[in-house]
Structures are given as structure tokens and as C-alpha cells.
Amino acid sequence: MNKIITLLCFCICLQITYTQNNDPDTAKASLTNYKDPAERFTATIKYLETLDSYASNYIDSSLCVELLLIAQQLKNDSLLAISYDWIGYYFAMSKGANTTALEYYFKALPLAEKYNDKRRISSVYFDIASVYFNLKNIEEYFIITQKGGKHLPDKSSDKYDYMLIQYQRNIGVSYYEKNQLDSALFYAQVAEQTAERLKLPLYRAQTLTLLAVIYYKMNELELAEIYFNKAKNLSETLAVRKDVFYKRYIPFLIEQNRMDEAIASTEYFWNITREMQNLNIELIAAGFKRQLFDKLNNSDSAFYYSKVESQIRESIFNQNNQNTIQALAFKEQLRIIEEDAKKLEVEQQRKQNIQYALIAIGMVFFIILFFLLSHSIIITEKWISFFGILGLLIVFEFINLLIHPFLERITHHSPALMLIALVVLASLLIPMHHRMEKWIKEKMTEKNKKIRLENAKKTIEKLESQM
């Protein structure tokens with residue numbers, strides 16, 4: 001009870017800390033107040049989630065490393081899964097290092113699965129999906145998002161909506177990219193409802209922007225403008241991650257020929273991406289620069305940014321990176337196949353154990369019934385002899401059944417060694433079988449004869465007394 005009260009107090013204090021300390025530097029400094037490694041780990045996760053959800057600062061690499069050190073210190077694989085996930089997220093979001101991010105995500109996934117941590121499993125899948133989106137592989141993005149959707153936390157979990165919106169957003173984006181606009185609109189609308197419940201600025205900005213581009217593609221220009229304005233106002237409140245809005249808004253401005261706004265927005269977006277040093281975002285910004293100067297017939301600038309775009313694309317999509325990513329994906333596919341095989345083997349073993357247990361219970365019941373019947377007059381000595389021998393056969397065959405897998409393992413399925421082992425076993429069991437059989441035939445049947453004779457005498461005496 002005291003532990004529960006202490007934990008509740010800790011959570012309340014943690015919430016108060018983050019409510020009062022909106023400044024990222026102040027909030028980070030407050031982490032030093034938590035001396036216990038487990039409490040510090042929890043506080044650090046809360047801080048990183050706050051940074052991300054409110055887009056108040058970039059992910060701090062030193063804190064990701066600290067998470068890993070604490071997990072290793074506590075020798076806790078569940079915490080290790082969380083650490084790897086955040087390290088992967090740092091490389092993906094802060095550096096655009098897709099290959100390195102995937103390496104850590106694929107390290108986190110089996111550890112999260114080991115503890116059936118649905119919140120973490122779904123998170124890792126959604127993070128992996130985002131990498132494939134950056135690599136323009138929309139089909140894999142969609143498939144992996146669906147996998148994450150199958151592992152959402154229970155609805156009673158306080159993280160259910162937090163993970164649900166990521167699933168809804170990703171599916172909505174997938175359908176948008178596939179030009180299945182009705183489905184895209186449905187998922188974007190339910191994502192907006194979830195975002196309203198969560199009240200997290202980053203997710204609200206993402207869903208509003210997604211709705212805007214869907215309406216634009218559906219030629220609903222007035223609705224698109226309304227949602228773009230809502231998303232723009234919200235994105236201005238974000239300290240970082242403004243790319244979630246501008247990477248959708250700038251193509252809209254260029255296509256609408258609103259060149260003054262397009263120039264200003266593109267320049268702003270280019271400057272913030274240079275600060276981010278994220279190759280995935282820099283590639284998008286360079287592409288916008290090229291498009292804009294093409295539209296303005298400024299061939300020199302268009303050519304320059306075309307070269308910049310090519311250089312960034314080469315860094316992201318070079319063959320070595322692609323080979324590494326394919327190898328990682330293949331290794332993960334093999335791991336899943338192996339895990340499925342292990343699960344099947346465990347299930348088969350469980351069924352086999354249940355069958356053994358039922359057979360053992362049946363044998364005990366049979367033996368009890370045999371002894372009860374052998375002390376009654378219901379059956380004759382012939383039936384006692386038959387059921388006794390039958391029972392012995394069942395017992396000895398059951399023993400053989402139990403040790404057969406063990407013999408296969410130690411003999412490595414060698415027929416010759418198996419034969420020798422079975423002969424040795426038989427040489428031990430046969431004398432015992434004969435003794436038991438003799439005991440049943442002589443002792444049990446003899447005892448049954450006496451019981452039947454005594455019962456017959458009592459019956460005769462009773463009849464004589466009645467005469």
C-alpha cells in the first residue's frame with residue numbers, strides 16, 4: 001500500500017513539474033532531482049514525450065544515451081526496448097539517418113514483443129513506418145502501419161489515444177498518397193477527433209494539415225483554405241517541427257500561383273530545415289526551391305537547387321544505404337518467421353502436455369476403478385485378470401510414450417541407438433511387467449474369489465434363516 005501511495009505522489013509531482021516548467025531547459029535541469037534510476041528513467045521519458053508532442057524542442061541525444069545506460073544498469077529488457085526506440089527516433093527525426101534509425105528500431109521490437117508491451121510495439125512499428133515514408137516506399141509504410149494498428153494498447157490505457165492518432169494519421173496519409181481520397185478523408189477526420197481529445201499541438205497541426213491537402217485534392221478549395229489557415233496558426237505556436245505544415249502548404253501555394261506567399265514560405269522553410277540538419281526535410285526544402293525558381297523562370301537558381309537536391313537524394317538513397325535497409329528488413333522478416341515457428345512449437349508442446357495430463361488422469365481413474373471393482377462381486381475373476389493386464393499395458397506403454405522423445409534427443413534419431421535403448425528399457429520393464437501380471441492373476445483374482453465366496457455364504461445363510 002505504501003508503495004502505491006509513493007508511486008501516486010511521484011506521478012503527481014512529475015505532472016506538476018511539467019505543468020510549471022514549460023521552458024525545455026528548465027524542465028531538463030529538473031531531471032537531476034530524480035536520483036533513483038527507475039524514477040529518473042520515467043521522468044526522462046515524460047520529458048522527451050513532452051518535447052515531441054508539444055514540438056517545444058529537438059530530441060536531446062544525451063538523454064537518449066542516458067536512458068540506455070539506466071536500462072543497462074537495471075538489466076531491464078523492457079526499458080532497453082524503450083531506450084532503443086528513442087535512440088532510433090532521435091536519428092530519424094533529428095538527423096534523418098534512416099538506416100541507423102531502422103537498426104535501433106529493429107533492436108527495440110523483439111524486446112518489446114518479449115514483454116507484450118503493446119504501447120511500445122505499436123510505437124516501434126509506427127516509427128519504422130515513418131522511415132519508409134521518408135524513403136518514398138508508401139506500400140511498406142501502409143503495411144507496417146497496419147501491423148502497429150494490430151498492437152494498439154487496450155482502450156483503458158492512458159496511452160491508447162496517443163497511439164491511436166498515429167495509426168489514424170498514417171493510414172490517412174497512405175490513402176492520400178494512393179489517391180484514395182474518400183478513405184483518406186475518413187481517417188483524417190477521425191484523427192482530428194482524437195487530436196482534439198489529446199490536445200497535443202503537434203498532432204493537431206498534422207491532422208489539420210492532412211485535412212487541408214485532402215480537401216485541396218478533392219477540389220474543395222474553400223475548405224482547404226480554412227484548414228490550411230487553422231494549421232498555419234497552430235504551427236506558429238510550435239518551437240520546432242514546423243515542417244509538418246510547410247511541406248504540405250508550399251506545394252499548394254505554388255500550384256495556386258500565389259507566388260509572393262510561396263517565395264516567403266519557401267525561404268522560411270529552407271532556413272528552418274538548415275537549422276534542423278535533417279536530410280529528409282532538407283531534400284523536400286531543396287525540391288521546393290527548385291520548383292519555385294522553375295516557376296519564376298530563374299534557370300540558374302533552379303539548376304543550383306537541382307544539384308543540391310540531387311546531392312541530398314544521393315546521400316539518402318545511395319546503394320549502400322538501400323542494401324543495408326533491405327538487409328535489415330530481411331533480417332527482421334527472418335526473425336518474425338523464427339518467432340512464429342517458436343510460438344507454433346510452444347503451442348504444440350502445450351497441447352501435447354495437456355494430452356499427457358489427461359492420459360495420466362485417465363490412468364489414475366482407471367486404477368481406482370479397477371481396485372473398487374476388484375473388491376466387489378460385480379465382475380468375475382476373468383474380467384479382473386483382463387482389466388488388470390490391460391491396465392498394465394496402458395501404464396507401460398505410457399512410460400514408453402513419455403521417454404520416447406527423450407530417447408530421440410539423446411540418440412539424435414539414430415535407429416540403431418534407438419533400438420538398443422528400447423531393448424535395454426524392455427529388459428528392465430518386462431520382469432516388472434511379469435511380476436505385476438502374476439500378482440494380478442494370483443492375488444487379485446484370488447481375493448475376488450474369496451469376496452465372492454463370502455458373499456455367496458452370506459446369501460445362503462440369509463435364505464436358510466428365512467426358511
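**Figure 1. Arg241 in the loop between α12 and α13.** Arg241 is buried, with a relative accessible area of 12%, in this predicted model. The residue belongs to the loop between α12 (221-235) and α13 (243-255). Although Arg241 is not a glycine, its phi is positive, at about 65 degrees. Most residues other than glycine have a negative phi, which is the background against which such a value may be read.

**Figure 2. Asn297 in the loop between α15 and α16.** This view shows Asn297, which is found in the loop that lies between α15 (279-295) and α16 (299-317). Asn297 is not a glycine, and yet its phi is positive, at about 60 degrees. Is Asn297 buried or exposed? With a relative accessible area of 68%, Asn297 is exposed, because a residue counts as exposed when this value is over 50%.

**Figure 3. Helix α4 and its buried residues.** Helix α4 consists of 14 residues, from 61 to 74, and its first and last C-alpha atoms are 20 Å apart, which is close to the 20 Å expected at 1.5 Å a residue. Which residues of α4 are buried? They are Leu63, Cys64, Leu67, Leu68, Ile70 and Ala71. These buried residues lie on the same side of α4, because the arc that they cover around the axis is only 165 degrees. An α-helix has 3.6 residues a turn, so residues three or four places apart point the same way. Leu69 and Gln73, on the other side of α4, are exposed. Just after the helix, Lys75 takes a positive phi of about 50 degrees.

**Figure 4. A nonpolar patch on the surface.** Three residues, Ile354, Leu358 and Ile361, form a nonpolar patch on the surface, and together they have about 300 Å² of accessible area. Ile354 has its place in helix α17, which runs through residues 319-374. Ile354 counts as partly exposed, because its relative accessibility is 40%, a value in between the limits of 20% for buried and 50% for exposed.

**Figure 5. The protein as a setting for the close-up views.** The secondary structure of the protein comes to 19 helices and zero strands. Of its 467 residues, 42% are buried, and the accessible surface of the protein comes to about 26300 Å², with 58% of that area belonging to carbon and sulfur atoms. Among the contacts in the protein with a separation of 6 or more, 62% are made by residues that stand 24 or more positions apart.

Terms used
Residues are numbered from 1 along each chain as its sequence is written. This is a predicted model: local features need pLDDT of at least 70, side-chain atom pairs count only at pLDDT 80 or more; totals for chains, interfaces and linings use all residues. Side-chain values use heavy atoms; hydrogens and water are left out. Helices (H or I, at least four residues) and strands (E, at least two) are DSSP runs, numbered from the N terminus. Buried means under 20% relative accessible area, exposed over 50%, partly exposed in between (1.4 Å probe, protein chains only). Contact means heavy atoms within 4.5 Å. Accessible areas come from the Shrake-Rupley method with a 1.4 Å probe; for residues, only the protein chains shown count as cover. The expected span of a helix is 1.5 Å times one less than its number of residues. The arc is that of the directions from the helix axis to the C-beta atoms. Patches are made of residues with over 30% relative accessible area and no salt bridge: like charges are joined within 9 Å, nonpolar side chains (Val, Leu, Ile, Met, Phe, Trp, Tyr) within 5 Å. A salt bridge is a side-chain nitrogen of Lys or Arg within 4 Å of a carboxyl oxygen of Asp or Glu.
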